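Student: I'm new to this structure and I'd like a close look at one part of it: a place where two helices pack together. Could you start with the overall picture, then take me through that part and its surroundings?

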Amino acid sequence: MSTIRPTIDDSGAAPGRGPLGRGLGRAARPGGLVRYDRVFWWAAPTVCLVAAYCGVQQAWDLLAAIVVVAVLVIGALYACGGLRPVVRSERRRWAPRTRAGSRARAVSFAAVDAMTGARFEEHVAELCRRDACLDVVVSGGAGDLGADVVARLPDGRSLVIQCKRLGRTRAVGSPDMQRFVGTARPVHDADVAVLVTNSRFTAPARRLARAQDIVTIDRRALGRWMSGTDLSTMLLGGAGVPTDAAAATVPSAEVWPESTTAAHCD
């Protein structure tokens with residue numbers, strides 16, 4: 001004899017049952033009046049305000065009672081499934097950033113040096129997503145006018161990044177910086193403009209970047225970014241080494257040959 005199993009709807013519950021189980025399903029069904037996540041987000045600040053008022057009035061007994069009741073209610077809701085949709089929703093919201101962060105951390109400099117220009121742009125975009133940037137889009141290609149990656153920083157400012165994946169003997173020079181300066185804000189209206197490379201910047205390029213408020217991320221700074229330093233932290237510090245004397249410095253393991261004939265990818 002075959003067994004007929006009830007179908008499961010998008011909420012993960014059988015028809016007639018909501019996330020809280022038998023008897024409470026109608027409130028959570030599509031079109032119902034109750035959304036437990038919304039109730040939770042409205043109730044939490046209300047409880048905090050009442051607790052703050054009790055603290056101001058020094059009503060410690062009442063404050064203790066509110067805290068105990070709130071903990072018990074939250075525990076009961078989670079135990080019976082009332083808050084699980086909220087937890088699942090938050091996990092789904094953060095999952096892309098977690099995956100992007102894992103991919104970004106797994107990439108070594110050897111892999112970066114072997115990337116194509118397009119793959120390097122994707123790598124930079126993954127680092128942005130890891131650091132909670134919003135609306136990250138890889139827009140590089142013909143006619144991009146210097147905007148290889150565009151996004152919004154967590155504080156809402158617009159971010160435009162140009163990526164230069166160069167050969168090991170090449171450096172980003174003043175002509176490259178001039179072209180980016182000419183489009184980053186006049187064309188793309190960037191609040192924050194960043195030029196990132198797996199190589200280094202010449203001294204004239206760094207001077208122009210400082211004069212035009214362009215953030216430079218060279219090989220050393222890119223290594224810090226890939227190792228987990230948050231982009232917002234790097235922007236506060238200017239990311240790249242600020243002095244001309246240090247502009248050509250690289251990690252001790254890196255050696256820059258004198259030749260500048262190697263091919264590169266933008």
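**A close look at a helix pair**

Tutor: Let's start with the whole chain: of the contacts between residues at least 6 apart in sequence, 57% join residues at least 24 apart. Keep in mind that this is a predicted model. The chain has ten helices and five strands. Of its 266 residues, 37% are buried. The chain exposes about 15300 Å², and carbon and sulfur atoms supply 60% of that area.

Now for your helix pair. Two packed helices are described by the angle between their axes and the distance between the axes. Here the partners are α6, residues 117–130, and α9, residues 219–226. Their axes lie 11 Å apart and make an angle of about 50°. That angle makes α6 oblique to α9. As for handedness, α6 and α9 cross in a left-handed way.

Which residues meet where these helices pack? From α6 come Phe120, His123, Val124, Leu127, Cys128 and Arg130, while α9 brings Leu222, Trp225 and Met226. If you look at the numbering, a general point about helices helps. An α-helix has 3.6 residues a turn, so residues three or four places apart point the same way.

Cys128 deserves a second look, since it is one of the α6 residues that meet α9. You might wonder about a sulfur bond here, but the structure holds zero disulfides. Cys133 has its closest cysteine sulfur in Cys128, yet the two sulfurs are 4.7 Å apart, which is too far for a bond. A disulfide would need the sulfur atoms within 2.5 Å. Cys133 itself is buried, because its relative accessibility is 6%. Cys163 is in no disulfide either: its nearest cysteine sulfur is again that of Cys128, 8.0 Å away. Cys163 counts as buried too, with a relative accessible area of 1%.

From there, let's move along the chain to a neighbourhood around another helix, α7, which spans 174–184. Its buried residues are Ser174, Asp176, Met177, Phe180, Val181, Thr183 and Ala184. What covers them includes the strands β3 (158–164), β4 and β5 (214–217), along with the helix α8 (203–211).

Gly173 sits in the loop between β3 and α7. Gly173 is buried, with 13% relative accessible area. Leaving aside residues up to four places away in sequence, Gly173 touches Thr202 and Ala205. Ala203 is 30 residues from Gly173 along the chain, but their C-alpha atoms are separated by 8.1 Å.

On the other side of α7, the loop between α7 and β4 (192–197) holds Asp189. Asp189 isn't a glycine, but its phi is positive, about 55°. Is Asp189 buried or exposed? Asp189 is exposed, because its relative accessibility comes to 60%.

Asp135 also has a positive phi without being a glycine, with a value near 50°. Asp135 belongs to strand β1, residues 134–138. At 53% relative accessibility, Asp135 counts as exposed, since the cut-off for exposed is over 50%.

To come back to your helix pair: picture α6 and α9 crossing at about 50°, with Cys128 of α6 among the residues that meet α9. That cysteine's sulfur is also the closest one to Cys133's, though too far for a bond.

How values were computed: Residues numbered from 1 in each chain as written. Predicted model: local features only at pLDDT ≥ 70, side-chain atom pairs only at ≥ 80, totals over all residues. Heavy atoms only, no water. Buried < 20%, exposed > 50% of the residue type's maximum accessible area, 1.4 Å probe, protein only. Helix = DSSP H or I, 4+ residues; strand = E, 2+ residues; numbered from the N terminus. Contact = heavy atoms within 4.5 Å. Areas by Shrake-Rupley, 256 points an atom, 1.4 Å probe, with all protein chains shown as cover. Axes fitted to C-alpha atoms, helices over the stretch in contact; angles between N-to-C directions. Parallel < 35°, antiparallel > 145°, perpendicular 65-115°, else oblique. Left-handed = near helix turned anticlockwise from the far one by under 90°.
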